[in-house]
Amino acid sequence: MIHSHLSNEIIAKHGNSDSSDSEQDSQPIVRNATPLNIKPAKTYTLKAPVEADGFSWPSIGTYKRAQETPEEEQQRIDRIASAVKTILTELGEDIAREGLLDTPQRYAKAMLYFTKGYHTNIRDDVLKNAVFEEDHDEMVIVRDIEIYSLCEHHLVPFYGKVHIGYIPNKKVIGLSKLARLAEMYARRLQVQERLSKQIAMALQAILKPLGVAVVIEATHMCMVSRGIQKTGSLTQTSSMLGAFRAHKTREEFLTLLNRNR
């Protein structure tokens, strides 16, 4: 780790025989702090993918949301709706006009849906005893699973397809559970790189297969509808674990993904 007291590094240059040059050279060069050398990264991969209670990489408010009553959920919706009214007002809108009367409540409910993956229980809500003993050790691939998520930087959508492959080690999982796993992690505030890795690591922890491969292809509205506004752009990320780190296995997986396209 690089400590913060090292972030402002002062390097003094050595002078030469010229006095004016010496004065100039004696001035220290100050290098300002950067996020990388003053703030240690909080690496989520250091934590187990699945906690003892079945939650996976829970957020700070996961347990409260998972346990709240319908009345408490409505109070949460009302608080979010109140904040949305403030946003709309600051945007210069009239929150009393017909088209916006129910928008704050609608938005609040939509945001809770878009982030429901935080309090989805991987054991009770995703797997549901769908892991089976099976003597199969060849590649299993489910591709073109549609995902919809929210970019955590701008809170706008990114969407696309995820392809998941694994090589069983005496255990297989119900095929629909792979889609449910992707859905659970997508329904959070995300970045695509993390989403790819979370799906792969969770599947590795659940099945303990010989290898796991995840590839995501997505369109990011934060890049399409604002900023650089490149409508044809597509972002691809991958996470390869175990046997898929070997070149030959990885190549076979990627070849199968591109077949009939």
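**Figure 1. Contacts of I164 in the predicted model.** Leaving aside neighbours within four places in sequence, I164 is in contact with V140, I141, V142, I145, L178, A182, I199, L203, A213, V214 and F253. The structure shown in this and the following views is a predicted model. I164 is also one of the residues with the most contacts inside the largest nonpolar core.

**Figure 2. The largest nonpolar core, a set of 35 residues.** Besides I164, the residues with the most contacts inside this core are V162, Y166, L181, Y185, I199 and L203. At least two core residues come from each of the helices α6 (122-127), α7 (175-186) and α8 (192-207). The strands β4 (140-151), β5 (157-167), β6 (171-173) and β8 (211-220) likewise each supply at least two. The element that gives the most to this core is α8, with eight residues.

**Figure 3. A further core, of eight residues, lying apart from the largest one.** Among the members of this core are A213, M240, F244 and L257. A213 also appears in the view of I164, as one of the residues in contact with I164.

**Figure 4. The cysteines C151 and C222.** The model has zero disulfides. For C151, the nearest cysteine sulfur is that of C222, 4.0 Å away, and C151 is in no disulfide. C222 is likewise in no disulfide, its nearest cysteine sulfur being that of C151 at 4.0 Å. The pair is not counted because a disulfide requires sulfur atoms within 2.5 Å. C151 is buried, with a relative accessible area of 6%. C222 is also buried, at 13%.

**Figure 5. Backbone at W57.** W57 is not a glycine, yet has a positive phi of about 45°. This residue is found in the loop between α2 (35-38) and α3 (62-67). W57 counts as buried, with a relative accessibility of 7%.

**Figure 6. Backbone at N129.** N129 is another residue other than glycine with a positive phi, here near 60°. N129 is placed in the loop between α6 and β3 (131-133). The helix α6 before this loop is one of the elements that supply at least two residues to the largest nonpolar core. N129 itself counts as exposed, at 74% relative accessibility, whereas W57 in the preceding view counts as buried.

Key:
Residues are numbered from 1 along each chain as its sequence is written. This is a predicted model: local features need pLDDT of at least 70, side-chain atom pairs count only at pLDDT 80 or more; totals for chains, interfaces and linings use all residues. Side-chain values use heavy atoms; hydrogens and water are left out. Buried means under 20% relative accessible area, exposed over 50%, partly exposed in between (1.4 Å probe, protein chains only). A nonpolar core is a set of buried Ala, Val, Leu, Ile, Met, Phe, Trp, Tyr and Cys residues joined through side-chain atoms within 4.5 Å. Helices (H or I, at least four residues) and strands (E, at least two) are DSSP runs, numbered from the N terminus. Contact means heavy atoms within 4.5 Å.
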